[in-house]
Amino acid sequence: MGRGKFKGKPTGRRHFSTPEELIAGTTATRPRTFSQEEAAENVEEESEEELEEPSQKQKGTLGLIEINNPNLVKPKNLKAKDADIGKITELSRRERVEIEKQKAHERYMKLQEQGKTEQSRKDLERLALIRQRRAEAARKREEDKAAKEQKKAEPQR
């Protein structure tokens, strides 16, 4: 399926193989001259390079002089392997407010279930009144029903 009026290039899309695919030999794009032994050597070299600490070259006099300038713009380009996974990020003000709001709502709902808020007390009082009225109505119905049965039983004597 095409997109738009222009055709794609006849070479197709690029496919990048992972080192595991190269070692296993499952990739279709591996050159015929590339052996599995060479792939294993490349993977070992890459793992050794990751173990070594990368030495960063400083431009100019930056490497010679220690600067404590808070306004100094530091490069923000981080590679995936250099990223600190365990680092905890601070939440923005909006996110903190949203989380506090959710926690307050959960606390309120928990108190509501326990019957400790004013609204829940009023609801429970209303429920008690309704149950009392229903019980009285049921008792009256039973009395009326018993009275009717007595009236029916008396004339038959």
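Which backbone oxygen lies 2.8 Å from a polar atom of the side chain of serine 120? That backbone oxygen belongs to threonine 117. This is a predicted model, where local features need pLDDT of at least 70, side-chain atom pairs count only at pLDDT 80 or more, and totals for chains, interfaces and linings use all residues. Residues are numbered from 1 along each chain as its sequence is written, and side-chain values use heavy atoms, with hydrogens and water left out.

**The chain overall**

- The chain has 4 helices and 0 strands, where helices (H or I, at least four residues) and strands (E, at least two) are DSSP runs numbered from the N terminus.
- Read from the N terminus, the elements go α-α-α-α.
- Of the 157 residues in the chain, 4% are buried; buried means under 20% relative accessible area, exposed over 50%, and partly exposed in between (1.4 Å probe, protein chains only).
- The accessible surface comes to about 16800 Å², and carbon and sulfur atoms hold 50% of that (Shrake-Rupley method with a 1.4 Å probe; for residues, only the protein chains shown count as cover).

**Confidence**

- Average pLDDT for the chain is 77, and 71% of the residues score at least 70; pLDDT is the predictor's confidence in each residue, from 0 to 100.
- Residues 50–54 have a pLDDT below 50, and this stretch has 0 contacts in the model beyond near neighbours in sequence (contact means heavy atoms within 4.5 Å).

**Helix H3 and what follows**

- Helix H3 covers residues 93–114, and at 1.5 Å a residue its 22 residues should span 32 Å; the expected span is 1.5 Å times one less than the number of residues.
- The end C-alpha atoms of H3 are 32 Å apart, so the model agrees with that expectation.
- Glycine 115 sits just after H3 and takes a positive phi of about 80 degrees.

**Around glutamine 112 and serine 120**

- Glutamine 112 is in helix H3, and it counts as buried because its relative accessible area is 19%.
- The side chains of glutamine 112 and threonine 117 share a polar contact of 2.8 Å; that term means a pair of N or O atoms within 3.5 Å, and within protein one must be able to donate a hydrogen and the other to accept it, while residues adjacent in sequence count only if both atoms are side-chain atoms.
- Setting aside residues up to four places away in sequence, glutamine 112 touches Thr117, Gln119, Ser120 and Asp123.
- Serine 120 belongs to helix H4 (residues 118–153), and its 5% relative accessibility is why it counts as buried.
- Outside its neighbours within four places in sequence, serine 120 is in contact with Gln112 and Gly115.

**The salt bridge**

- Searching the whole structure turns up 1 salt bridge, meaning a side-chain nitrogen of Lys or Arg within 4 Å of a carboxyl oxygen of Asp or Glu.
- The partners in a salt bridge here are the side chains of aspartate 123 and arginine 126, at 2.9 Å from N to O.
- Both aspartate 123 and arginine 126 are in helix H4, 3 residues apart, about one turn of the helix.
- Aspartate 123 counts as partly exposed at 28% relative accessibility, and arginine 126 also counts as partly exposed, at 48%.
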